[in-house]
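Student: I would like to go through this structure step by step. Please show it before I ask anything.

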Amino acid sequence: MKKWMSLMMAAFLAVPVLSGCGSSTTPSTTEGKATTEAATPQDENTDIVVIGAGGAGLSAAVEATDAGAKVIVLEKMPMVGGNTTRATAGLNAAGTEAQKKKGIEDSQELFYQDAMKGGYNKNNPELVKVLTTQAKDSVVWLESMGADLSDVGRAAGASVSRIHRPTGGAAVGSNVVSTLKDKVKEKNVDVRLKNKAVEILKDQEGKVTGVKAENKDGKAYTINAKAVILATGGFSANQDMVISYKPELKGFATTNHPGALGEGIKLGEGVGANLVDMAEIQTHPTVVPEKGVMVTEAVRGNGAILINTDGKRFINELLTRDVVSKGILDQKDGVAYLFFDEGLRKGLKAVEEYFNMQLVTEADSVEELAGKIGVDKDAMTQSVKTYNDAVAAKQDKEFQRDDLPLQLNQGKVYAIQVTPAVHHTMGGLQINTNAEVMNKEGQVIKGLYAAGEVTGGVHGGNRLGGNAMADIVTFGRIAGQNAAKAAK
């Protein structure tokens, strides 16, 4: 098993980076205000430096600019977006207009309870309260800029449908990144690609005063600033860092882009930031072996089931990610198959990418599909029949799945082989509800803010699908707003 996982990791690292959600990751050279570096870069002054141009960083940059601050965004990669471009499932929010239109009864309190339960109550309750009460405002904010979050689906760990995504269940990340990218360009925000922050600066009193950076040619320069926002993401792509906190994940592949190395956490540590929940590392249960391609949770949320190599269904597919991951690893060879039909395919645009990438085995019948993937035909046929009967009866006696959206008996049938991979690091820099970074003595590091996966405390011991998008936008906005106030 360990050898197989190691081979899987090696294969993943050898293939080109894939967006995982149909988004383009073509390098851009014109993000915001194009910056032409001189042969010897000069020191500069600004109000706010945002480190990282993913969903959290771009959200912060837009809000800070709207508040009248001068903003410079540093992004070490050759394109904006980070892991946000790979987000597929959606953005969790409660009490939205989209939910009301569908007759979905939800509340911020129920959302809070689900998030805390999903994180095994290891979450910081104050941060979760902010997330669950303000996520609906993040939806309104994104939609006001042109994002499409009109469709609502069900995600694992949620009591009701609250994961917001584009029409037809299309991938959310590319839509949100495109929206934010257009907005920073419209506002002429200075976004510098292939520019890396290497140190956060502070004065003798401990207040952050700017950053040391390297431009695309590796030449150092300093940006003096009144506030710095860390929005660099997590460390799922840093195998050494992952296993230093959770050794049992050695050899696992990752769903993350190659830049998710935890450098923002190290930058924060350099100025005395406190770290929380570092050993809380999540695997995503449905990742294609040897490809590193994550199959969105929305496939299970829309009705797909998991079948093992014996042809048997073995778990409630909408249990939390950590539980489903363990369930798959407990099966023979540590793999399973996502099984779905033409009806589900027609209702969820996000699955088309997996067909385009030739990851799907298809057949005209369950028996034929079982033969193609090499599982017991009788067992698989019976498993699918039992599930379809449960949908008709509105009761899953086998595994107590309470959300049974459709029978899997329409047209062609499909299977995708999956196994868990490292997906999200719940630990990181400790922040308060103002997105201010805290030091080891429990005091605010003046002038330093953080948002998104670089922080810890929001998700506790396990993140629910859809809460990452809610986190990065909600706390990205809070960081941008408060950094702008501090800069004034």
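What follows is a set of questions and answers on helices, strands and buried parts.

Tutor: This is a predicted model, in which local features need pLDDT of at least 70 and side-chain atom pairs count only at pLDDT 80 or more, while totals for chains, interfaces and linings use all residues. Residues are numbered from 1 along each chain as its sequence is written, and side-chain values use heavy atoms, with hydrogens and water left out.

Student: Which residues does UniProt list for "domain: FAD-dependent oxidoreductase 2 FAD-binding"?

Tutor: The name comes from an unreviewed UniProt entry; positions are given in the numbering used here, feature names are shortened, and annotations may be inferred rather than shown by experiment. In the model this span is 31% helix and 23% strand, and its end C-alpha atoms lie 28 Å apart. Helices (H or I, at least four residues) and strands (E, at least two) are DSSP runs, numbered from the N terminus. The entry lists residues 47-468.

Student: Which helix gives the largest share of the largest nonpolar core?

Tutor: A nonpolar core is a set of buried Ala, Val, Leu, Ile, Met, Phe, Trp, Tyr and Cys residues joined through side-chain atoms within 4.5 Å. Buried means under 20% relative accessible area, exposed over 50%, and partly exposed in between, with a 1.4 Å probe and protein chains only. The largest core has 86 residues, and Leu 448 and Phe 475 are among those with the most contacts inside it. Its largest share, 10 residues, comes from helix α15 (residues 467-487).

Student: Is α15 largely enclosed or largely open?

Tutor: Helix α15 has 21 residues and reaches 29 Å from its first C-alpha to its last, close to the 30 Å expected at 1.5 Å a residue. That expected span is 1.5 Å times one less than the number of residues. Since 18 of the 21 residues of α15 are buried, the helix is, with respect to the rest of the structure, largely enclosed.

Student: How are the buried residues of α8 placed around the helix?

Tutor: In helix α8 (residues 263-270), the buried residues are Gly 264, Ile 265, Leu 267 and Gly 268. Seen down the axis, they fall within an arc of 160 degrees, taken from the directions from the helix axis to the C-beta atoms. Among the elements that cover them are β2 (48-51) and β19 (428-430). The arc means that the buried residues of α8 line one face.

Student: Which strands stand at the edges of the open sheet of 3 strands?

Tutor: Two strands pair if DSSP finds at least two bridges between them. The order is β4-β6-β5, with antiparallel pairing, and β4 pairs with β6 (residues 163-165) over 2 bridges. Each edge strand has a single partner, so one side of each is left without a neighbour in the sheet. The edge strands are β4 (91-92) and β5 (151-153).

Student: In which sense do β3 and β7 pair?

Tutor: In strand β7 (residues 190-193), Asp 190 and Arg 192 point one way and Val 191 and Leu 193 the other, and all are buried. Leu 193 stands opposite Glu 75. Strand β3 (residues 71-75) pairs with β7 over 4 bridges, and the sense is parallel.

Student: How far from Pro 285 is Ala 421, by C-alpha atoms?

Tutor: Ala 421 lies in strand β18 (residues 413-425) and is buried, with a relative accessible area of 0%. Along the chain, Ala 421 and Pro 285 are 136 residues apart. Their C-alpha atoms are separated by 6.7 Å.

Definitions and conventions: Contact = heavy atoms within 4.5 Å.
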